[in-house]
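Student: I would like to look closely at a single part of this structure and then at what lies around that part. Could you take me through it step by step?

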Amino acid sequence: MSFALIFSGQGTQHAAMMPWLAEDEGVAEMRARLGVDDWRRSLQDPAWAAHNANAQTLLTGLALAAWRQLSPMVPSPTAVAGYSVGELAAFSAAGVFDSATATALAPQRAAAMDKSAAQVPGGLLAINGLAEAALEQVRADTGLALAIRNGIESVVLGGPTAALEQAQRMAAEEGGQCTRLKINVASHTPWMREAAERFAQALADLPFESPRILLFSNAGDRIRDANAARAALAAQIAQTVRWDECMENIAARQVRCVLELGPGQALTRMWNQRYPAIPARACDDFRSAAAIASWLRTHSDD
């Protein structure tokens, strides 16, 4: 079998996500960290679901619980990557640290980001279908940073709230499709430099291992050892997420299919648009772990 595992980012969490996921010790630990008895019911409250610490802790814990329940049914993936906060789960799945460490790091990452955001309130704006020249003009006029690069005409800008509103008006006038993301911090921009430094301090004394599976980072390309893993996890908080390059790196390994673990199908749609000959599915599409394993076996066998 040859497949890639990609972990979703923040912003598409919903109460019905991963309907097949069973309660296990990892899910119980995640609930205890959040202080909730029913995480699905908690996600029905939009304010709770959008809170940075809640979202990052929940997504990391659930993604790793999903992989823990699925992995006994399938061989190891050929390659692993995560989108934004999805890197915590990806690095754990690749063997850099255990799932308990990943879940513990999620609220620390969120707290560091929230502290920086309190100084300059901001967020993220997704823009699709805007020509590169027009996009650069929007960035120049508003002072926003390129937070996420999914492709030439699919990006996310980040920065202060007023600048985001100006950019949305400008991009819409040029024919761009704009969506304000449900994230209240300017992730992956220079406004998060202090957050990246604080998170680097939190990572400094933790035991990291070299990845056992081919691992790609949003900020550091391929991760080959523990030191590179530490540097990349901290750096990506304040640097552009180069998801287009992550996809290119995975495709270059000639995987036969891709599975997205997490909420929604955003990464799956991006992959299928870019690489239609290599099928991708999201775990939200399935009703059981066995069905996911069956799809992987069908599409990834050489």
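Tutor: What follows starts from one residue, Glu87, and then moves out to the elements around it.

The model is a predicted one, in which local features need pLDDT of at least 70 and side-chain atom pairs count only at pLDDT 80 or more, while totals for chains, interfaces and linings use all residues. Residues are numbered from 1 along each chain as its sequence is written, and side-chain values use heavy atoms, with hydrogens and water left out.

Glu87 sits in helix 5, residues 86-93, where helices (H or I, at least four residues) and strands (E, at least two) are DSSP runs numbered from the N terminus. Glu87 is buried and yet has no salt bridge, with Arg109, the nearest side chain of opposite charge, 6.7 Å away. Buried means under 20% relative accessible area, exposed over 50%, and partly exposed in between, with a 1.4 Å probe and protein chains only. A salt bridge is a side-chain nitrogen of Lys or Arg within 4 Å of a carboxyl oxygen of Asp or Glu; as for charge, Lys and Arg count as positive and Asp and Glu as negative, while His and the chain ends are not counted.

The side chain of Glu87 does have polar partners: it makes a polar contact with the side chain of Ser217 at 3.4 Å, and it reaches the backbone nitrogen of Asn218 at 2.5 Å. A polar contact is a pair of N or O atoms within 3.5 Å; within protein, one must be able to donate a hydrogen and the other to accept it, and residues adjacent in sequence count only if both atoms are side-chain atoms. Setting aside neighbours within four places in sequence, Glu87 is in contact (heavy atoms within 4.5 Å) with residues including Gly82, Phe216, Ala232 and Leu233.

Two of these, Ala232 and Leu233, are among the buried residues of helix 10, residues 226-235. The cover over the buried residues of helix 10 includes helix 5, helix 9 (193-204), strand 7 and strand 8. At the start of helix 10, a side-chain oxygen of Asp225 comes to within 3.3 Å of the backbone nitrogen of Asn227.

Gly82 and Asn218 lead on to Trp243, which touches both of them, as well as Ile6, Tyr83 and Met270, among others. Trp243 is one of the buried residues of helix 11, and this helix (residues 243-252) is largely enclosed by the rest of the structure, because 7 of its 10 residues are buried. Strand 1 (3-7), strand 2 (79-82), strand 7 (214-217) and helix 12 (266-274) are among the elements that cover those buried residues. After helix 11 comes Gln254, whose phi is positive, near 55°.

Trp243 also belongs to the largest nonpolar core, which has 95 residues, and is listed with Phe7, Trp39 and Leu58 as having the most contacts inside it. Helix 4 (residues 52-70) gives the most to this core, with 9 residues. A nonpolar core is a set of buried Ala, Val, Leu, Ile, Met, Phe, Trp, Tyr and Cys residues joined through side-chain atoms within 4.5 Å. In soluble globular proteins, nonpolar side chains tend to be buried together.
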